[in-house]
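Welcome to a short set of exercises on reading a protein model. Have the viewer ready, try each task yourself, and then compare with the worked solution.

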Amino acid sequence: MFYRSKRLLLRPIWPEDWPAIKVGIANLAVLRNLASAPYPYNDQDAQEFTRRPLTPRYPRFLITLAADASVLGTIGLDPGSCGDPELGYWLAQPFWGEGYATEAGRGVLCAARSLGHDVLTAKHFVDNPASGKVLRKLGFRPTGTTCEQFSLGRGEAAPAVEYKLRLKDCESALSYAA
């Protein structure tokens, strides 16, 4: 599955992408905001990530600039712990604050809807309010629950805010994606 927006191309992650993924993610400022990526992040971690089997209902994408294929990060859906798919993403630090996460997120919402998902979940660590801002722009709403989430990047648990999105309620976010 591919998705093209004004500035981005979301495409499947291929094994040969591991060096670019490692360069973008192997930064404590990025990794401390993720639950499942360790710090330090090494070649083997990147290679294992790119070799994960593709699951059609839970796509993962490499976020690239459409103009020159520069790798910005990754985004995708994972089976959530409560049965609803969970949105997860990261961007390399040089690309923070440019609207790329929101733009890529809109593409994943379109993919999720086309795959028949009705509800998505997401979380962000309390000390990462920028991710909360992205999620709210996409139409996610806080559930009112904050939980302890273990982060391999931090090496410890930290409080995380839980969000939910009903795709039928996010028409405005999806209409902007085109």
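**Exercise 1. The end of a helix**

Task: Find the residue with positive phi that follows α5.

Solution: Go to the end of α5 and step past it; the residue to look for is Gly139, with a positive phi near 105°. Bear in mind that this is a predicted model.

**Exercise 2. One face of α5**

Task: Work out which residues of helix α5 are buried, and what covers them.

Solution:
- Step 1. Helix α5 spans residues 129–137, and its buried residues are Ser131, Gly132, Val134 and Leu135.
- Step 2. Looking down the axis of α5, these buried residues fall within an arc of 160°, so they line one face of the helix.
- Step 3. The cover over the buried residues of α5 includes two elements with lower numbers along the chain, β5 (86–91) and α4 (100–114), as well as β6 (119–125) and β8 (156–166).

**Exercise 3. A residue just before α5**

Task: Decide whether Asn128 is buried or exposed, and find the side chain with which the side chain of Asn128 makes a polar contact.

Solution:
- Step 1. Asn128 sits in the loop between β6 and α5.
- Step 2. Its relative accessibility is 12%, and buried means under 20%, so Asn128 counts as buried.
- Step 3. The side chain of Asn128 makes a polar contact with the side chain of Ser131, at 3.1 Å. Ser131 is one of the buried residues of α5.

**Exercise 4. One face of α1**

Task: Repeat the helix analysis for α1: which residues are buried, and what do they pack against?

Solution:
- Step 1. The buried residues of α1 are Ile21, Gly24 and Ile25.
- Step 2. Seen down the axis of α1, they fall within an arc of 85°, so they too line one face of their helix.
- Step 3. Their packing partners are α2, α3, β3, β4 and β5.

**Exercise 5. Two buried residues and their contacts**

Task: For Asp17 and Ala111, find the location and the contacts beyond neighbours within four places in sequence.

Solution:
- Step 1. Asp17 is in the loop between β2 (8–12) and α1. Its relative accessible area is 8%, so Asp17 is buried.
- Step 2. With those neighbours left aside, Asp17 is in contact with Arg11, Pro12, Thr50 and Leu62.
- Step 3. Ala111 belongs to helix α4 and, at 6% relative accessibility, counts as buried.
- Step 4. With those neighbours left aside, Ala111 is in contact with Met1 and Phe61.
- Step 5. Ala111 and Gly76 are 35 residues apart in sequence, and their C-alpha atoms are 9.6 Å apart in space.

**Exercise 6. Two backbone details**

Task: Find the cis peptide bond at Pro40 and the value of phi at Ala69.

Solution:
- Step 1. Pro40 is in the loop between α2 (28–31) and α3 (43–50). A cis peptide bond joins Tyr39 to Pro40, with omega about 0°.
- Step 2. Ala69 is in the loop between β3 (60–65) and β4 (71–78). Its phi is near 70°, a positive value in a residue other than glycine.

**Exercise 7. The largest pocket**

Task: Describe the largest pocket by volume, lining and residue class.

Solution:
- Step 1. The volume of the largest pocket is about 1,300 Å³.
- Step 2. Its lining has 50 residues, and those nearest its centre are Asn33, Leu34, Gly88, Tyr89 and Trp90.
- Step 3. Elements that each supply at least two lining residues include α1, α4 and α5.
- Step 4. By class, the lining has 26 nonpolar, 12 polar and 12 charged residues.

Terms used:
Residues are numbered from 1 along each chain as its sequence is written. This is a predicted model: local features need pLDDT of at least 70, side-chain atom pairs count only at pLDDT 80 or more; totals for chains, interfaces and linings use all residues. Side-chain values use heavy atoms; hydrogens and water are left out. Helices (H or I, at least four residues) and strands (E, at least two) are DSSP runs, numbered from the N terminus. Buried means under 20% relative accessible area, exposed over 50%, partly exposed in between (1.4 Å probe, protein chains only). The arc is that of the directions from the helix axis to the C-beta atoms. Contact means heavy atoms within 4.5 Å. On a 1 Å grid over the protein atoms alone, a cavity is a set of points where a 1.4 Å probe fits but cannot get out, and a pocket is an open set with protein on both sides within 12 Å along at least five of seven lines; lining residues have an atom within 4 Å of a point. Grid points are joined across faces, edges and corners, and a volume is the space filled by probe spheres set on the points. Ala, Val, Leu, Ile, Met, Phe, Trp, Tyr, Cys and Pro count as nonpolar, Asp, Glu, Lys and Arg as charged, and the others, Gly among them, as polar. A polar contact is a pair of N or O atoms within 3.5 Å; within protein, one must be able to donate a hydrogen and the other to accept it, and residues adjacent in sequence count only if both atoms are side-chain atoms.
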